[in-house]
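Thank you for making the time this morning. I would like to walk you through one structure, taking its strands and then its side chains in turn, so please keep the display open while I talk.

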Amino acid sequence: MKKIISLLLLTAILFSFSACQTKEKFTYGEMDDGLKSIEGANPQNILTGGFAARTEHSIYYTSRNHMTLFRMDRNGDNLKQVISGFAITSLNVYRNTLYFVMDGHICRMNNVGNAQAVLYESEFGVYSIYIADDYIFYKEYTDDTGENMQLCVMPVQGGEGKVLLEESSPMQALSYDQGMLYVNLLNEEGGYAIAALDPAGESYLMMYEGSVAYLQVVDGYCYMHNYGGVYRLNFNDSEDDPIEVIPETSVPNTMNVAGDYIYYLRYNEDENDGIYRVKTDGSARRCLVKGVYPMYNVVGDWIFYCGETDTGFSRVRIDGQSK
């Protein structure tokens with residue numbers, strides 16, 4: 001893991017960078033296009049690197065090596081470099097403000113790319129953050145081996161953090177819905193069951209005992225899969241059984257629920273591999289991008305994606321019509 005730079009040095013660099021731009025008061029603002037302020041970030045974007053996110057008028061994304069942060073208009077125009085020279089991951093937008101991990105610290109920036117602030121300096125480094133409903137959930141290394149981490153929560157304004165799980169992993173899925181944080185936990189069979197955690201750390205409830213790799217909870221419905229089919233489970237009905245939405249023959253490798261659609265990577269080592277989308281009821285399935293792209297983020301009207309040997313990110317509209 002890269003050496004964490006000091007808070008003093010990081011703050012000085014951020015201040016110097018901000019001073020070169022037009023000064024603007026740091027303010028919060030609601031989205032004007034119907035987005036919920038509690039969305040913060042699509043949880044599957046964070047799980048696959050969190051390299052793209054959008055504010056009300058802009059889209060931010062990082063370079064392939066995550067060392068440069070770019071900003072462009074939501075229609076793809078006016079591309080600008082914002083920050084360079086730091087490891088930047090886990091881009092979140094919450095109340096029109098950009099939050100991210102930079103060289104192991106939790107930082108934030110206003111929606112025009114200045115007024116940066118360091119919210120939390122970690123001794124061993126923060127791996128990733130996921131923001132929802134005035135909470136920052138973060139995975140933090142607990143020693144200098146780069147192997148052990150814990151899941152914590154802190155207020156979105158900054159402040160003292162609290163440990164939710166003493167053991168966590170990079171691939172542990174997080175999803176926030178209706179006041180609860182959903183996580184996959186290792187079960188006795190070696191798979192991952194689903195548990196619901198109270199962000200205050202006062203309650204814990206097992207929701208599903210089966211084996212789950214990826215999960216996303218939206219309006220009480222849990223979409224989940226374990227490198228097979230994608231299933232939907234109604235958490236509002238304890239008697240409900242999982243319903244298959246995407247059959248196992250499609251072999252989705254990852255999935256990302258956004259709006260009325262599930263976006264997923266089909267990986268079966270044949271000519272039909274690619275990024276697909278299908279409605280949450282399983283209808284209207286179509287391929288958007290052919291090929292294997294394990295790194296992809298769904299951001300507004302765009303999908304940013306990258307292959308293992310690509311030098312940079314490509315993008316395509318979510319309807320697959322134009323790049």
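**Strands, rings and cysteines**

Let me begin with strand S23, residues 274-279, which is mostly covered, five of its six residues being buried. Please keep in mind throughout that what you are looking at is a predicted model.

Which strands does S23 pair with? On one side there is strand S22, residues 261-266, joined to S23 by six bridges in an antiparallel arrangement, and within that pairing Ile275 of S23 is the bridge partner of Leu265. There is also strand S24, residues 286-290, which runs antiparallel to S23 and is joined to it by four bridges; here Tyr276 has Cys287 in S24 as its bridge partner. S23 and S24 together make a hairpin with six residues between them, and in the turn Gly282 has a positive phi of about 95 degrees.

Let me turn now to another sheet, where four strands form an open arrangement in the order S1-S2-S3-S4, with antiparallel pairing. Its edge strands are S1, 52-54, and S4, 80-84, each of which pairs on one side only. Direction ignored, neighbouring strands of this sheet are turned by 20 degrees against each other on average. If you look at the S1 end, you will find that S1 pairs with strand S2, residues 58-62, over three bridges and in the antiparallel sense, and that Ala52 stands opposite Tyr61 in S2. As a reminder, strands of a sheet pair through backbone hydrogen bonds, either parallel or antiparallel.

I would next like to consider the aromatic side chains. The count of aromatic pairs comes to 13. One of them is Tyr135 with Phe137, whose ring centres are 5.8 Å apart and whose planes stand at 35 degrees, so this pair is classed as tilted. Are these two residues buried, partly exposed or exposed? Tyr135, at 27% relative accessibility, counts as partly exposed, whereas Phe137, at 0%, counts as buried.

Phe137 also pairs with Tyr176, and why is that pair called tilted? The planes are at 35 degrees, with the ring centres 5.9 Å apart, and tilted pairs are those whose planes are neither under 30 degrees apart nor over 60, so the label follows. This pair links distant parts of the chain, since Phe137 belongs to strand S10, residues 135-141, and Tyr176 to strand S13, residues 174-177, with 39 residues separating the two. Both Phe137 and Tyr176 are buried. Taken together with Tyr130, the residues Tyr135, Phe137 and Tyr176 form one aromatic cluster.

Aromatic rings also appear here with arginines over their faces. Arg277 lies over the face of Tyr261, at 3.8 Å from the ring centre, and Arg315 lies over the face of Trp302, at 4.9 Å from the ring centre. Arg277 falls within the residue range of S23, and Tyr261 within that of S22, so this contact brings us back to the strands with which I began.

Finally, the cysteines. How many disulfides are there in this model? The count comes to zero. Among the cysteines, Cys107 is buried, with a relative accessible area of 1%, and Cys152, at 2% relative accessibility, counts as buried as well. Cys287 is the residue in S24 that we met earlier, as the bridge partner of Tyr276.

Notes. Residues numbered from 1 in each chain as written. Predicted model: local features only at pLDDT ≥ 70, side-chain atom pairs only at ≥ 80, totals over all residues. Heavy atoms only, no water. Phe/Tyr/Trp six-rings, centres within 6.5 Å; stacked < 30°, edge-to-face > 60°. Buried < 20%, exposed > 50% of the residue type's maximum accessible area, 1.4 Å probe, protein only. Lys NZ or Arg CZ within 6 Å of the ring centre and 35° of its normal. Disulfide = S-S within 2.5 Å. Pairing = 2+ DSSP bridges. Axes fitted to C-alpha atoms, helices over the stretch in contact; angles between N-to-C directions.
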